[in-house]
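This report describes a predicted model of protein chains with DNA. It covers the contacts between chains first and the contacts with DNA after that.

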Number of protein chains: 4
Amino acid sequence: MTLRADALRNRERLLDVARQELAGGNVALQLNDIARKAGVGVGTVYRHFPTPQALLEALVGEQLNQLVEIARQALAMADIQAAFTFMLRSTFDMLLCTDGGLSVVMLAIEDADCGTTRAKDELGVLTAELLRRAHEAGVVRRDLTAADVRNLVCGVEHAVRTWPDGDQNRSARYLDVLIQGLRQSG
Amino acid sequence: MTLRADALRNRERLLDVARQELAGGNVALQLNDIARKAGVGVGTVYRHFPTPQALLEALVGEQLNQLVEIARQALAMADIQAAFTFMLRSTFDMLLCTDGGLSVVMLAIEDADCGTTRAKDELGVLTAELLRRAHEAGVVRRDLTAADVRNLVCGVEHAVRTWPDGDQNRSARYLDVLIQGLRQSG
Amino acid sequence: MTLRADALRNRERLLDVARQELAGGNVALQLNDIARKAGVGVGTVYRHFPTPQALLEALVGEQLNQLVEIARQALAMADIQAAFTFMLRSTFDMLLCTDGGLSVVMLAIEDADCGTTRAKDELGVLTAELLRRAHEAGVVRRDLTAADVRNLVCGVEHAVRTWPDGDQNRSARYLDVLIQGLRQSG
Amino acid sequence: MTLRADALRNRERLLDVARQELAGGNVALQLNDIARKAGVGVGTVYRHFPTPQALLEALVGEQLNQLVEIARQALAMADIQAAFTFMLRSTFDMLLCTDGGLSVVMLAIEDADCGTTRAKDELGVLTAELLRRAHEAGVVRRDLTAADVRNLVCGVEHAVRTWPDGDQNRSARYLDVLIQGLRQSG
DNA sequence: TATGAATGAGAATTCATTCAT
DNA sequence: TATGAATGAATTCTCATTCAT
């Protein structure tokens, strides 16, 4: 079902404001606050997003779906090493560009929207398959599951985000550390 | 200044309760809540710990000081590789056994207690020196600062803590990944 | 003015849902809620029934008119004792079968629809006449007005409704108590 | 445990305001509203009375206990007819002087305070005993339980309260109707 | 005429902090 | 020094009503 023009406009505005909040370092989105900043009534926010979690998921749903797509592309690549790295880097970039929002959603036990659950599940399955091939090819440590990889990449993103400084290459270096750490040794 | 016997007893009880809160996954300590659970008045809590941050620092101050001591020991070790790993592992263990409390303190920009600031500064200096030697010896990536190492170990601890499962070896594996990732490649 | 077929259908559906609400013990009808449950837009509800009171009156208007008719029949009866009891019992049954809705309307100071006011007025006049004859015949206490009788029967119905249990004869017993209580003593 | 002087003062003021609300016909007490009218912070209200129901029970607890005491006195009376009437009249007066508050508490399925439950239970037991004797003596209809009597007296009080007019004898007349109605006929 | 999105007042509730006792 | 009552700002959430489509 398509939204009414003004409803859509409001929805977009709310997402914009929420994104700014996230960018400002505020992961705990407050619906009232967002309503005020977006210049709409509180009720409007609650109609669109019943809970902060729902808003967060709407905010990063796009990125989550892109990750699923990226996982599919990775699985289609011939070079499994390159594929795995591609997947990792893409995930890392997504996590960073959503200012921690995607990280919260990916690590949440419960989801507000079942579409989110579906995407997360699919991402998990695809990643597991990618990991299986990587294990077979001997390019990634065998003692790690798909969940481990997800946790670690979120952890490293956390490391980048908690200490914001001007160093532009820092995130790249941190990702490098992770990539090297995941490699099958010996 | 020494505390009166009952004041000391209260202080200890408060710290106990706060520790339990942390262990229960609640990093955002609520002073009122803690007062109630400790069976003391709110005023008493505020007298001892003016802010949640102060309580947190009191809670992990001991561990922070131990880390400083450990850093000193590490600097006294002949094998720099072993020393660095020893430092890293100790930090990681401390972070885990304080249920994220130490992590919050180590990453905080502002400290409540100047003793905390002093300890953190000293830890920074000692770690930097350790890192300098590690760089010289070529056992740790050259593009990382002491702050980077601290962030990364906190990030990996974050990865362990956000997805609690029964796997007992998980934290060991994650630390392994970090250690391998920090190694000077080539 | 006759309603369009679909408008009529909507109206009926709304009344049905409202009746279910009442039956469920919810006398405070919420127009939004009813719209949702009826599967129509809120605006539609407001068009048909500007206020909850209007909806309530529409819901029990039929019963109210029946009571007027019953009062007329009672006045046509020869045996005034039987007539009064007939009237009382009919009222009581109507109150019960509308789950308190009719009671609210009968006791309301202000009416939403002037048809309701007219019916209530007429009912009052007819009851007063019935009561006058009953007083003359010495079968009902002389110190009671038509309003008193109405209040008391509503009160007894309230007694039945507030404590719902399985006892099927309870309402009959309560009505008996009322009838006996209204009788001219001595 | 005794309350602090100011706490007690606040508590009394809150009860006063709540009583005025009831007297004004507002049985649905709103804690925020009461706080404002009493000139205290909202938190103070919530500390004293966690829910509107708790406030209501505090408001009429005294009367409820008096009813228990009255029931005991009634049981000590020799003339069971007089005793029953005394009990009924006392209950009715209490219901009226609490402006419907006591009625709500007496008919509530769930209580906020277990003291209320205890008092209600005891009142039920004592009334049942009183009723048993009245049945034996043949002065009250045999087909009524203690719960029935309570419901009916609440119902009649409802009849008095829903249609407030200047007639001072009305409540006395309504009570008379009830008393006569409850009498064992034949 | 029907729809349902938007509104926003306001009710309910929490909680960090202060301060009287 | 300890207590815990009081505060009231802030937040969450609901819902009756209006109005754009």
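## Terms and numbering

A salt bridge is counted when a side-chain nitrogen of Lys or Arg lies within 4 Å of a carboxyl oxygen of Asp or Glu. By that rule D:Arg141 and C:Asp176 form a salt bridge, with their closest N and O atoms 3.8 Å apart.

Residues are numbered from 1 along each chain as its sequence is written, while chains are lettered from A and ligands numbered from 1 in the order in which they are written. The model is predicted, with local features needing pLDDT of at least 70, side-chain atom pairs counting only at pLDDT 80 or more, and totals for chains, interfaces and linings using all residues; side-chain values use heavy atoms, without hydrogens and water.

## The contact of chains C and D

Chain C and chain D each put 28 residues into their contact (heavy atoms within 4.5 Å). Together they bury about 2500 Å², and carbon and sulfur atoms account for 59% of that area. Buried area here is the accessible area (1.4 Å probe) that two parts lose on being put together, summed over both. In chain C, the residues that lose the most area to chain D are C:Trp163, C:Val177 and C:Gln180, together 26% of what that side buries.

Four salt bridges are counted between chain C and chain D. The interface also has 15 residue pairs in polar contact, both residues being at pLDDT 80 or more. A polar contact is a pair of N or O atoms within 3.5 Å; within protein, one must be able to donate a hydrogen and the other to accept it, and residues adjacent in sequence count only if both atoms are side-chain atoms. On the side of chain C that touches chain D, helix H8 (146-162) and helix H9 (170-182) of chain C are the elements that give two or more residues. Helices are DSSP runs (H or I, at least four residues) and strands likewise (E, at least two), numbered from the N terminus. H8(C) gives the most to this side, with 10 residues. The residues on this side divide into 13 nonpolar, seven polar and eight charged. Nonpolar covers Ala, Val, Leu, Ile, Met, Phe, Trp, Tyr, Cys and Pro, charged covers Asp, Glu, Lys and Arg, and the others, Gly among them, are polar.

## The contact of chains A and B

Chain B and chain A contribute 28 residues each to their contact. The area buried between them is about 2500 Å², of which carbon and sulfur atoms give 59%. In chain B, the most area is lost to chain A by B:Trp163, B:Val177 and B:Gln180, together 26% of what that side buries.

Between chain B and chain A there are four salt bridges. In one of them, the side chains of B:Asp148 and A:Arg173 meet at 2.7 Å, N to O. H8 (146-162) and H9 (170-182) of chain B each give two or more residues to the side that touches chain A, and H8(B) gives the most, with 10 residues.

## Chains that do not touch

Chain A and chain D are not in contact, and their nearest C-alpha atoms are 20 Å apart. Chain B and chain D do not touch either, with their closest C-alpha atoms 14 Å apart.

## DNA strand E

DNA strand E is surrounded by 30 residues, the closest being A:Thr44, A:Arg47, B:Asn32, C:Thr44 and D:Asn32. A residue is near a strand if one of its heavy atoms lies within 4 Å of it. H3(A) gives the most to the surface near DNA strand E, with five residues.

Several polar atoms lie by the phosphates. An N or O atom in the side chain of A:Thr44 is 2.6 Å from a phosphate oxygen of DNA strand E. A polar side-chain atom of B:Tyr46 is 3.2 Å from a phosphate oxygen of this strand, and a polar backbone atom of A:Ala7 is 3.3 Å from one.

## DNA strand F

Around DNA strand F there are 29 residues, the closest being A:Asn32, B:Thr44, C:Asn32, D:Thr44 and D:Arg47. Of the strand's atoms within 4 Å of the protein, 55% belong to sugar or phosphate and the rest to bases. H3(D) gives the most to the surface near this strand, with five residues.

A backbone N or O atom of D:Gly41 lies 3.2 Å from a phosphate oxygen of DNA strand F, whereas a backbone N or O atom of D:Gly43 lies 3.4 Å from a base oxygen.
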